[in-house]
Amino acid sequence: MFKQITLVSAVALAALATPAMAADEYNVSSGLTAASAPLALHGVDTVAFINTGNRIQGTAKFTAVHDGVAYYFSTQENLDAFKAAPARYMPQNGGFCTFGVSVGKKFDGDPRWADVRNGKLYVFLSEAIFNAYQKDPEGAIAKADAQWKSIRHTAATEL
């Protein structure tokens, strides 16, 4: 009996650990999806966004969980493309605002304000932040890449 209780406790703790870790490294919506993982990119289909530039809302019917985070897609084809190469389609900087990351912060990345550059998706907090980014996108991306290495595993509330 003790072994069963220990096993159940260990499984429960492991299940809880993944979303907590994901919340630190990925910008996710609060709550969990039906796949028991937090939702990335506000539910926007990242494959459609990167391939066509269109912000198409995905659905729970086409869900992939990668690294403890759920991604929604609008079609089976897009789901399959993501499963075949998730790193290609994931938003940069964990889906946090690229400009925020460039100054060492983790702000919400809203797909309404985004840029696909060199096949990579960058999201931003607001229209004003996106406009500031557009003045020097390569500089902001370079700064974000450098900062991300040091803040990736830090909770947003600690920055």
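**From Thr46 into the core**

Setting aside residues up to four places away in sequence, Thr46 touches Leu41, Tyr72, Phe73, Phe82, Tyr89, Pro91 and Leu121. The model in which these contacts are found is a predicted one, and within it Thr46 belongs to helix α2, which spans residues 46-52. Thr46 counts as buried because its relative accessibility is 0%, the cut-off for that class being under 20%.

Several of the partners of Thr46 lead on to other parts of the chain, and Leu41 is a convenient one to follow. Leu41 lies in the loop between α1 (2-25) and α2, and with a relative accessible area of 4% this loop residue is buried. Apart from residues up to four places away in sequence, Leu41 touches Asn27, Thr46, Pro91, Pro111, Leu121 and Val123. One of these contacts spans a long stretch of sequence: Leu41 and Pro111 are 70 residues apart along the chain, while their C-alpha atoms are 6.5 Å apart in space.

Leu121 appears among the contacts of Thr46 and also among those of Leu41. With its neighbours within four places in sequence left aside, Leu121 is in contact with Leu41, Thr46, Phe49, Ile50, Pro91, Gln92, Ala114, Asp115 and Val116. Leu121 is also one of the residues with the most contacts inside the largest nonpolar core, a set of 19 residues in which Tyr71, Phe73 and Phe82 are the others named in that respect. Two or more residues of this core come from each of α2, β1 (59-66), β2 (69-73), α3 (76-84) and β4 (120-124). A second core, separate from this one, consists of seven residues and includes Tyr122, Phe124, Phe130 and Ala140.

The aromatic residues of the largest core deserve a view of their own. Across the whole structure there are six aromatic pairs, and one of them joins Tyr71 to Phe82 in a tilted arrangement, at 4.9 Å centre to centre and with 35° between the planes. This pair links distant parts of the chain, since Tyr71 sits in strand β2 and Phe82 in helix α3, eleven residues apart. Both partners are buried, Tyr71 at 3% relative accessibility and Phe82 with a relative accessible area of 2%. The rings of Phe73 and Phe82 have centres 5.1 Å apart and planes at 40°, so this pair is tilted as well. Phe73 is likewise buried, with a relative accessible area of 0%, and Tyr71, Phe73 and Phe82 together form one aromatic cluster.

Pro91 and Gln92, which are both in contact with Leu121, offer a route from the core to the largest pocket, as both belong to its lining. The space in this pocket is about 180 Å³, and the residues around it are Glu25, Tyr26, Ala87, Met90, Pro91, Gln92, Asn93, Gly94, Asp145, Trp148 and Arg152. By class, the lining divides into five nonpolar, three polar and three charged residues.

Seen as a whole, the protein chain has seven helices and four strands, and these follow one another along the sequence in the pattern α-α-β-β-α-α-α-β-β-α-α. Of its 159 residues, 42% are buried. Among contacts in the chain with a separation of 6 or more, 57% are between residues 24 or more positions apart, and the pairing of Leu41 with Pro111, 70 residues apart in sequence, is one contact across such a distance.

Key:
Residues are numbered from 1 along each chain as its sequence is written. This is a predicted model: local features need pLDDT of at least 70, side-chain atom pairs count only at pLDDT 80 or more; totals for chains, interfaces and linings use all residues. Side-chain values use heavy atoms; hydrogens and water are left out. Buried means under 20% relative accessible area, exposed over 50%, partly exposed in between (1.4 Å probe, protein chains only). Contact means heavy atoms within 4.5 Å. A nonpolar core is a set of buried Ala, Val, Leu, Ile, Met, Phe, Trp, Tyr and Cys residues joined through side-chain atoms within 4.5 Å. On a 1 Å grid over the protein atoms alone, a cavity is a set of points where a 1.4 Å probe fits but cannot get out, and a pocket is an open set with protein on both sides within 12 Å along at least five of seven lines; lining residues have an atom within 4 Å of a point. Grid points are joined across faces, edges and corners, and a volume is the space filled by probe spheres set on the points. Ala, Val, Leu, Ile, Met, Phe, Trp, Tyr, Cys and Pro count as nonpolar, Asp, Glu, Lys and Arg as charged, and the others, Gly among them, as polar. Rings of Phe, Tyr and Trp (its six-membered ring) pair if their centres lie within 6.5 Å; planes under 30 degrees apart count as stacked, over 60 as edge-to-face and the rest as tilted.
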